[in-house]
Amino acid sequence: MYDYGWLLDPKRCIDCKACEAACKQWNKVETGVNLRYRQVRLQESGTFPQIRVQALSMACNHCEDADCVQVCPVKAISRRADGIVVVDTSRCIGCQMCGKSCPYAAPQYHTVTGKMQKCTMCFDRVDKGLEPACATVCPTGALQWGKWEEIESKGSPAIEGFTPGQNKPHVRFVTSGWGIR
Amino acid sequence: MTMTRRNWLSLTSRAGAGILTAGTAGSAWGQIFRPADVAPPVVQTLATACALCDSACGVTATVQDGVLTFLEGLAGDTQGGGGRLCGKGAAGAAFLYDPNRLKYPMKRTNPNKGLDEDPGWVRITWQEALDTIAERFRSYIDQYGPESLLFVSRPNPDVFTRLLNALGAINRVDHIDECYTADKVIQKYTTGSKSFCNDFENSRYMLLFGWDLVAKSKLVFTRGVQQARDNGAKVVCFNPVYSATARWADEWYPIRPGADLAVALAMIQVILAENLYNLEFVDNYTNFSLYEKETRAHFQSYTLEWAQELSDVPAGDIRRIAREFSSQGPAIAPAHKKTLCANYTNGTQLCHAISILNIFAGTIDRPGGRYFPRSWEIPGVDAIYKPAAYPAKKGRRIDGRDKLPFADEAGNGNFSTLADGMLNQYPGMIKAAFINFYTILGFPRPLRIAEALNTVEFTVVMDVLPTDTAQLADIVLPHITYLEANDIVTREYSAIVPQVLPRRAVVPAMFEAKSIGYVSLELGKRLAPDYFRKPNGDFINPTELLDEKAKAAGLGANFAEFRDKGLLTREEAFVPRTTFAAPGGKCQIYVPQFAARNLDPLPVWKQKREIPTPEYPFYYLTYIPAVHRRNTTQNNPILHEMMPENAAILNPLAAARLGIKEGQPVQVRSRVGSIVLNAHLSETLRPDCVLVAHGFGHQSAALKLASGRGARDGDIIPDQTADDMVREGNFGASAGIMDAVVTVEPG
């Protein structure tokens with residue numbers, strides 16, 4: 001059994017949002033209720049014409065010491081043996097403690113069902129030997145997924161706009177190579 | 001229920017052809033909520049071709065119990081999406097299942113037409129719809145001739161073109177003047193054929209004049225640019241906006257809009273003065289030696305300092321880039337859709353200058369350059385069932401295209417001059433319009449097109465969705481989506497080797513939706529039956545026609561056989577051309593055919609039509625965002641959520657000067673109109689520009705998500721007349737959709 005994680009290479013991200021679309025489609029995440037398990041975030045810095053834009057496709061980082069798991073009063077959130085952090089919506093009481101505790105605002109509140117939802121790392125796909133939907137479609141390799149022991153050494157734990165907390169998020173960032181301004 | 005061999009077989013036959021993997025894929029949902037005593041889901045994975053844009057990336061569709069549940073890239077699709085998809089493609093199922101789709105043919109009962117009028121739709125049968133359309137078309141042709149029919153549609157499929165040919169219909173227009181008519185005209189006379197194919201993979205130096213297809217997530221090109229960068233190639237980008245394409249460049253120059261031409265001319269001047277061109281290519285494969293003296297003299301005045309003044313690109317950089325472009329290995333300067341060729345009225349000249357740069361680099365149809373597609377030949381309907389001679393096309397071109405002989409020859413119609421033709425040049429000439437998969441939003445000044453359509457007695461609109469244009473129709477016909485269509489798709493945009501893939505109906509056509517091919521054949525039977533018969537006298541059958549094509553192209557015994565094979569590639573060595581299809585068999589730098597018509601045989605500097613004034617101090621730029629396909633996807637729930645509306649993007653310096661804050665409504669006004677939308681401040685663009693995404697501001701109430709969201713960017717883009725084009729030397733018919741200047745004020 002492996003742990004898994006994300007590798008983001010922002011220089012490759014063209015903001016096409018294939019990851020977001022595939023996530024919505026595979027997981028049948030309802031549209032129009034402000035639920036986006038994964039979202040490409042653009043961050044501008046500098047002033048024209050010395051401008052830098054960083055594009056990151058962010059979702060739940062499936063932290064090793066996930067705050068959400070710890071704060072949930074009804075133990076609806078758990079970390080599977082393979083490290084994927086999942087919400088059992090049948091137990092969720094919608095108190096939103098997890099969303100408030102998460103440094104990355106990954107758990108999101110469904111205003112209609114009154115439950116919290118978040119990225120599942122497509123565990124149903126992972127269980128069948130497939131990649132999560134988002135990484136499967138990403139056309140440039142800006143978003144990659146894999147075994148944590150391999151991902152961990154491939155990038156930096158921090159990047160502009162993302163400082164990892166004590167919760168050991170399973171995400172790494174490629175901060176070198178062409179296109180870096 | 002346990003899985004027995006008998007069950008397995010019955011499931012297989014239910015699923016039909018395709019790879020069947022019962023219960024091994026598909027969303028967890030279907031399995032969680034399935035009662036225990038129900039058979040496991042039948043899951044098919046089917047290979048098909050996307051059609052959200054024209055790139056036709058290979059797709060693997062997961063269909064569970066007859067429902068499309070997931071789309072991903074097709075493994076092995078080396079010349080399409082590379083086994084991946086963009087956001088639009090990945091959201092395709094939401095287009096198929098859009099609850100607002102047109103479901104059956106309908107006719108209008110409210111005689112008053114307008115965007116705010118309820119058409120009073122009444123459902124009719126296909127039989128009634130087709131009979132009515134045929135009857136009306138027949139009566140107009142008989143009374144007023146075929147020039148009285150207007151078709152707003154791409155020319156495909158081939159049976160649609162046959163219908164137009166059989167009727168002698170002269171008036172078909174499409175949006176290509178907004179895309180690449182200018183480049184098509186230039187390529188025909190400089191290299192021999194329009195070329196969208198860019199061998200970025202093997203290029204060492206990429207010079208992008210406004211070419212922005214990475215930002216549009218055109219994976220057919222994105223793949224190559226990225227690979228070249230990984231291999232250490234250099235990218236130089238001229239773009240007023242720091243787009244996703246610019247982010248991939250080593251050097252980005254926020255060029256003054258419309259001045260790309262000045263930079264390109266100055267680069268040609270440097271290359272000539274320093275003799276940097278590829279001698280082997282230029283000597284052997286171009287007409288340079290015949291016109292060397294004129295050519296050298298012509299470019300002398302385009303100095304670096306002159307170009308800097310116009311473009312804001314430093315003279316020293318222009319010189320250095322010209323030298324690098326000529327010396328660092330295979331170099332390419334692409335020019336294609338949504339480059340400046342369409343966007344500024346000096347686009348024809350720019351396309352010519354860019355073509356010369358590629359010729360000087362010696363990379364036309366060479367590794368690392370612009371090449372001609374090695375396409376898999378698929379015979380059309382006219383090759384399968386040879387028609388009798390078509391009647392001569394007579395009559396007046398409603399868009400005035402015939403005033404521009406080279407654009408006329410290119411065969412596309414003009415969106416930008418259509419309203420003028422219908423309202424001013426030949427009012428009342430068009431009696432009936434047939435509009436296929438286009439909305440008024442695609443035109444400059446959409447309301448003027450709506451006004452023009454209201455002068456037409458009978459309008460038919462065929463589309464997937466109830467667009468604004470559909471609201472103006474007398475009859476609407478529901479079109480299938482690409483996920484319900486069968487076709488043979490060849491690689492055209494990235495085709496180093498011939499490649500062909502099947503497009504297949506991954507689910508049966510929903511509701512009563514049909515294809516434009518079906519409508520063409522049915523109208524053909526009614527209006528020109530002799531052209532729609534096979535040699536044995538029976539009418540052409542679309543299924544059989546597809547089978548015949550598959551067979552004739554060597555794809556299989558019939559379409560089904562090809563469909564089950566999936567993507568086919570003919571491995572052939574890339575043999576660079578030594579003769580070119582331009583007149584004389586060589587690439588032409590100086591184009592004598594242009595001179596013969598008193599047009600510039602070499603590219604000359606022309607300012608774009610409109611430049612900022614105290615009254616209109618901003619350049620108005622539009623763009624197509626990565627997550628939408630022109631104006632066709634704003635109602636897709638997934639894509640809508642990502643980007644529900646557009647904004648007026650302004651540099652914070654400009655906004656501060658105007659007292660405009662982030663998110664505040666602003667009015668953007670040109671000489672032809674104004675729009676109101678929210679401001680978005682960004683350091684990514686020049687302070688003298690305002691940038692607005694195209695495709696928003698749908699008005700049709702039947703588009704429940706898109707209706708009323710954002711602003712119609714075209715409302716402030718001037719349309720033009722064919723005479724404007726002639727007068728301005730715009731002989732490649734650029735639509736000039738970025739040739740507006742505007743003022744911005746708090747709304």
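## Close-up views of a predicted two-chain model

**View 1. Strand 10 of chain B, wrapped up on both sides.** Five of the five residues of strand 10 (residues 205-209) of chain B are buried, so this strand is largely enclosed by the rest of the structure. Keep in mind that this is a predicted model. Side chains in a regular strand alternate between the two faces of the sheet. Which residues sit on each face of strand 10 of chain B? One side has B:Y205, B:L207 and B:F209, the other has B:M206 and B:L208, and both faces are covered.

**View 2. The strands next to strand 10 of chain B.** Strand 11 (residues 234-238) of chain B runs parallel to strand 10 of chain B, and five bridges join the two. Look for B:L207 here: its bridge partner in strand 11 of chain B is B:V236. To get from strand 10 to strand 11 of chain B, the chain goes through helix 8 of chain B, making a right-handed β-α-β crossover. Strand 13 (residues 331-332) of chain B also pairs with strand 10 of chain B in the parallel sense, over two bridges. This time B:M206 is the residue to find, with B:I332 as its bridge partner in strand 13 of chain B.

**View 3. Inside the largest nonpolar core.** This core has 297 residues, and those with the most contacts inside it are B:V263, B:A264, B:M267, B:L357, B:A648 and B:V690. Which element gives the largest share of the core? That's helix 10 (residues 260-273) of chain B, with eleven residues. Zoom in on B:V263 and, leaving aside residues up to four places away in sequence, you'll find it touching B:F238, B:I255, B:A307, B:S311, B:V313 and B:I318.

**View 4. A seven-stranded open sheet in chain B.** The strand order is 6-5-17-16-15-7-8 (chain B), and the pairing is mixed. Strand 6 (122-123) and strand 8 (171-173) of chain B are the edge strands, each pairing on one side only. Strand 7 and strand 8 of chain B run parallel and are joined by three bridges. A handy landmark is B:F151, whose bridge partner in strand 8 of chain B is B:R172.

**View 5. Domain 2 of chain B against domain 4 of chain B.** Chain B is split into four pieces: domain 1 (1-90 + 483-508 + 544-578), domain 2 (106-174 + 415-479 + 514-540), domain 3 (181-372) and domain 4 (618-717). How far apart do the C-alpha centres of domain 2 of chain B and domain 4 of chain B lie? They are 30 Å apart. The contact takes 15 residues from domain 2 of chain B and 15 residues from domain 4 of chain B. On the domain 2 side, these are nine nonpolar, four polar and two charged residues.

**View 6. Where chain B meets chain A.** Here 41 residues of chain B are in contact with 32 residues of chain A. Elements giving two or more residues to the chain B side include helix 2 (28-32), strand 4 (67-73), helix 8 (219-230) and helix 25 (637-642) of chain B. The chain B side breaks down into 23 nonpolar, twelve polar and six charged residues.

**View 7. Helix 22 of chain B and its cover.** In helix 22 (residues 542-552) of chain B, the buried residues to pick out are B:L545, B:L546, B:E548, B:K549 and B:A550. Their cover includes helix 17 (381-384), strand 18 (487-490) and helix 23 (559-565) of chain B. Just past the end of helix 22 of chain B, B:G554 takes a positive phi of about 75 degrees.

**View 8. Backbone oddities in the loops.** Most residues other than glycine have a negative phi, and most peptide bonds are trans. What is the peptide bond from A:F48 to A:P49, cis or trans? It is cis, with omega near -5 degrees, and A:P49 lies in the loop between strand 2 (39-47) and strand 3 (50-58) of chain A. The bond from B:N156 to B:P157 is cis too, with omega near 0 degrees; B:P157 is in the loop between strand 7 (149-152) and helix 6 (158-167) of chain B. As for phi, B:N275 isn't a glycine, yet its phi is positive, about 50 degrees. B:N275 sits in the loop between helix 10 and helix 11 (279-285) of chain B, and counts as exposed because it has 8 C-beta neighbours inside 10 Å. B:F437, also not a glycine, has a positive phi of about 60 degrees. You'll find B:F437 in the loop between strand 15 (432-436) and helix 20 (446-453) of chain B; with 18 C-beta neighbours inside 10 Å, B:F437 counts as partly exposed.

Technical notes. Residues are numbered from 1 along each chain as its sequence is written. Chains are lettered from A and ligands numbered from 1 in the order in which they are written. This is a predicted model: local features need pLDDT of at least 70, side-chain atom pairs count only at pLDDT 80 or more; totals for chains, interfaces and linings use all residues. A nonpolar core is a set of buried Ala, Val, Leu, Ile, Met, Phe, Trp, Tyr and Cys residues joined through C-beta atoms within 7 Å. A residue is buried if 20 or more other C-beta atoms lie within 10 Å of its own, exposed if 12 or fewer, and partly exposed in between; C-beta atoms are placed from the backbone. Helices (H or I, at least four residues) and strands (E, at least two) are DSSP runs, numbered from the N terminus. Two residues are in contact if their C-beta atoms, placed from the backbone, lie within 7 Å. Domain bounds come from an automatic or database domain assignment. Ala, Val, Leu, Ile, Met, Phe, Trp, Tyr, Cys and Pro count as nonpolar, Asp, Glu, Lys and Arg as charged, and the others, Gly among them, as polar. Two strands pair if DSSP finds at least two bridges between them. A crossover is right-handed if, with the strands pointing away from the viewer, the path from the first strand over the helix to the second runs clockwise.
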